[in-house]
Amino acid sequence: MGITPEQRLKRMSVIGASDVPKILGLSQWGGPKDVWTSKVYPTVDRKASDAAQRGILLEKTILDWAADRLLRDGLQDLSMHSNIYYERPTPTGTPIGANCDAVIWTGDENYIVEKTEDGQPRRISEVPVAIVEAKSSASSEGWGREMTDEIPYAYIAQVMAQMFASGCPVAYIPALIGEGLSFKMYEVKWDEEFIDTMIEECDRFWWHVENKVPPEGPAPATTHLRDIVRPTDKIVKLESEDYSLIEKWEIARHAKVEAAKAEQSAKAEVLM
């Protein structure tokens with residue numbers, strides 16, 4: 001399910017589970033500065049990528065398959081509910097939030113603290129029996145044997161954050177993967193050492209957010225910088241070091257143009 005504008009605004013005030021892989025340097029979709037930019041600056045909404053839209057459309061199908069398998073194989077007396085939100089601070093106060101695709105729990109309505117409108121997360125106090133995080137991938141790279149934690153590291157970090165936020169000791173990852181689109185089930189269990197490292201890194205990162213100081217590492221993706229809402233009447237004075245960055249950019253852009261010309265020339269010679 002895609003996130004709502006309200007959920008997007010909420011994400012600025014917490015470290016989300018999907019932010020954690022980037023903060024830890026485990027994600028191919030961004031790093032610490034990408035997350036920092038999204039927390040410090042308001043951004044405009046963009047259309048989800050094709051891959052993201054595919055994941056949203058497939059999520060319900062994957063969760064239906066997961067419910068049938070998990071609730072049939074050993075968890076018959078429980079129920080699965082989708083789009084559940086948990087939030088928990090670290091010992092030093094860093095807020096960790098997790099909008100889970102689904103959780104398996106007793107389904108006791110007395111445990112529900114807040115129910116919002118359709119499509120919004122429901123905040124509940126009961127520790128779930130298991131987190132369920134649906135994934136889909138056209139590539140099987142990084143995916144191993146079923147019912148193990150042999151999944152891409154970025155997803156391990158994400159579900160560890162979900163487990164910390166909810167207090168849950170285990171997460172199931174139903175996945176539709178590979179060119180043949182096969183259903184597979186994976187299991188990740190609470191890892192104390194990983195959780196401790198995650199908390200330490202998140203605390204360090206959140207200091208940068210609160211003090212509006214960029215963390216170390218590569219610059220954020222230009223797509224993230226493009227999405228920042230910028231004031232139209234602000235003028236920034238360039239310093240001497242800024243001009244050197246512009247010069248570096250111009251040199252790189254010129255080299256890119258020349259490399260493209262050389263590639264086309266070499267290709268033409270091969271075809272000829």
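The following conversation asks how some terms are applied to this structure.

Guide: This is a predicted model, in which local features need pLDDT of at least 70 and side-chain atom pairs count only at pLDDT 80 or more, while totals for chains, interfaces and linings use all residues. Residues are numbered from 1 along each chain as its sequence is written, and side-chain values use heavy atoms, with hydrogens and water left out.

Visitor: What makes the contact between D68 and R72 a salt bridge?

Guide: The term asks for a side-chain nitrogen of Lys or Arg within 4 Å of a carboxyl oxygen of Asp or Glu. The N to O distance between the side chains of D68 and R72 is 3.0 Å, so the pair meets that definition. D68 and R72 are 4 residues apart in helix 4 (residues 50–72), which means that about one helical turn separates them; helices here are DSSP runs of H or I with at least four residues, and strands are runs of E with at least two, numbered from the N terminus.

Visitor: Why is D227 called buried, when R226 is called partly exposed?

Guide: Buried means under 20% relative accessible area, exposed means over 50%, and partly exposed lies in between, with a 1.4 Å probe and protein chains only. D227 has 12% relative accessibility and therefore counts as buried, whereas R226, at 47%, counts as partly exposed. The side chains of R226 and D227 meet in a salt bridge at 3.3 Å, N to O.

Visitor: How do you know that strand 2 and strand 3 pair?

Guide: Two strands pair if DSSP finds at least two bridges between them. Strand 2 (residues 79–89) and strand 3 (residues 95–105) have 10 bridges in the antiparallel sense, so the pairing criterion is met. Among the bridge partners, I84 is matched with C100 in strand 3. The two strands form a hairpin with 5 residues between them, and G93 in the turn has a positive phi of about 100°.

Visitor: What classes of residue make up the lining of the second largest pocket?

Guide: A pocket is an open set of points on a 1 Å grid over the protein atoms alone, with protein on both sides within 12 Å along at least five of seven lines, and lining residues have an atom within 4 Å of a point. The second largest pocket is lined by 20 residues, and Y41, P220, L225, I228 and R230 lie nearest its centre. Its lining has 14 nonpolar, 2 polar and 4 charged residues, where Ala, Val, Leu, Ile, Met, Phe, Trp, Tyr, Cys and Pro count as nonpolar, Asp, Glu, Lys and Arg as charged, and the others, Gly among them, as polar.

Technical notes. On a 1 Å grid over the protein atoms alone, a cavity is a set of points where a 1.4 Å probe fits but cannot get out, and a pocket is an open set with protein on both sides within 12 Å along at least five of seven lines; lining residues have an atom within 4 Å of a point.
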